[in-house]
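Okay, everyone, thanks for coming. Let's pull the structure up and walk through it together.

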Amino acid sequence: MDLAILRVVPFIMLVHMSSIMAEGATLFSELSNSLTVSVTGADNTSPNGTKAGADELLVTWALNSAAQVDDSSYKTVELKLCFGAPSQVDRAWRKTNDILSKDKTCGFKIASPQPYNRAGNTTKWLVGKEIPFAHYFVRAYVLDSAGEKVAYGQSSNAQRTSNLFTIEPISGRHASIDIAAAVFSAFSVISLFGFFFYEKMSKRTSKA
Ligand SMILES: *[C@@H]1O[C@H](CO)[C@@H](O)[C@H](O)[C@H]1NC(C)=O
Ligand SMILES: *[C@@H]1O[C@H](CO)[C@@H](O)[C@H](O)[C@H]1NC(C)=O
């Protein structure tokens with residue numbers, strides 16, 4: 001084998017590895033906790049029991065005045081709906097990872113991104129129909145002009161156990177309508193195949 005290749009291979013591997021590290025190097029623990037975030041239901045009620053597909057959440061964020069940070073690099077804010085610790089137990093697909101690109105805590109986007117300003121903003125979010133029942137909190141990520149996360153704030157504590165709220169799935173009539181629709185479409189697929197085979201079979205028997 002050509003020795004030049006052997007010399008180049010480790011170099012290529014190094015470049016490759018460092019590009020992986022560059023992508024995944026942003027750790028949650030490196031972000032500055034400099035925003036305050038709060039969540040209520042519509043009309044400032046408790047967000048507990050907010051109905052997926054029907055109710056709204058009011059999310060308010062601002063720069064924490066007690067946080068002595070240089071916010072000159074703060075450009076946009078991304079709001080996310082995140083799973084509280086009790087709703088992550090035994091669910092690997094919701095697992096928290098300090099490596100942000102691998103973190104599954106915050107699966108749902110809320111009206112984002114929006115411009116950053118110190119005074120903050122309030123966003124009304126109609127909870128999506130696809131949101132499952134769980135205990136949630138809201139996290140706001142601050143991104144810089146390169147789109148990298150640099151800071152955050154959340155409506156729960158660091159352990160993701162306090163101040164959680166529940167979202168109720170589409171229930172009752174809506175759920176049964178959805179189930180009926182699913183059963184009906186499964187039935188029509190099956191009957192389509194049924195007719196198809198029936199036709200094939202009857203053609204074959206008529207030929208015989
Ligand atoms: C507040 O957020 C809305 C979107 O939710 C955005 O359209 C508006 O420009 C924001 N206001 C300020 C002052 O940033
Ligand atoms: C929601 O209800 C649970 C108990 O059912 C309570 O522990 C929690 O504090 C409530 N959250 C909010 C934001 O009201």
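So, start with the shell around ligand 2: by residue class, that's three nonpolar, three polar and no charged. Keep in mind as we go that this is a predicted model. Who's in that shell? Ser46, Pro47 and Asn48 come from one stretch of numbering, and Asn163, Leu164 and Phe165 from another.

Phe165 is a handy place to carry on, since strand 10 covers residues 165–168. In general, side chains in a regular strand alternate between the two faces of the sheet. Here, Phe165 and Ile167 point to one face and are buried. Thr166 and Glu168 point to the other face, and those two are not buried.

Now, what does strand 10 pair with? There's strand 3, residues 50–51, running parallel to strand 10 and joined to it by two bridges. Then there's strand 8, residues 134–143, which runs antiparallel to strand 10, with three bridges. Click on Ile167 for a second: its bridge partner in strand 3 is Thr50, and Ala134 stands opposite Ile167 as well.

Okay, over to ligand 1. Around it you'll find Ala111, Gln114, Pro115, Asn117, Asn121 and Thr123. Which strand gives the most to that shell? Strand 6, with three residues. Strand 6 is 108–115, strand 7 is 121–126, and each supplies at least two residues of the shell. By class, the ligand 1 shell splits into two nonpolar, four polar and, again, no charged.

That's my tour; shout if you want to go back to anything.

Definitions and conventions:
Residues are numbered from 1 along each chain as its sequence is written. Chains are lettered from A and ligands numbered from 1 in the order in which they are written. This is a predicted model: local features need pLDDT of at least 70, side-chain atom pairs count only at pLDDT 80 or more; totals for chains, interfaces and linings use all residues. A residue is near a molecule or strand if its C-beta atom, placed from the backbone, lies within 6 Å of it. Ala, Val, Leu, Ile, Met, Phe, Trp, Tyr, Cys and Pro count as nonpolar, Asp, Glu, Lys and Arg as charged, and the others, Gly among them, as polar. A residue is buried if 20 or more other C-beta atoms lie within 10 Å of its own, exposed if 12 or fewer, and partly exposed in between; C-beta atoms are placed from the backbone. Helices (H or I, at least four residues) and strands (E, at least two) are DSSP runs, numbered from the N terminus. Two strands pair if DSSP finds at least two bridges between them.
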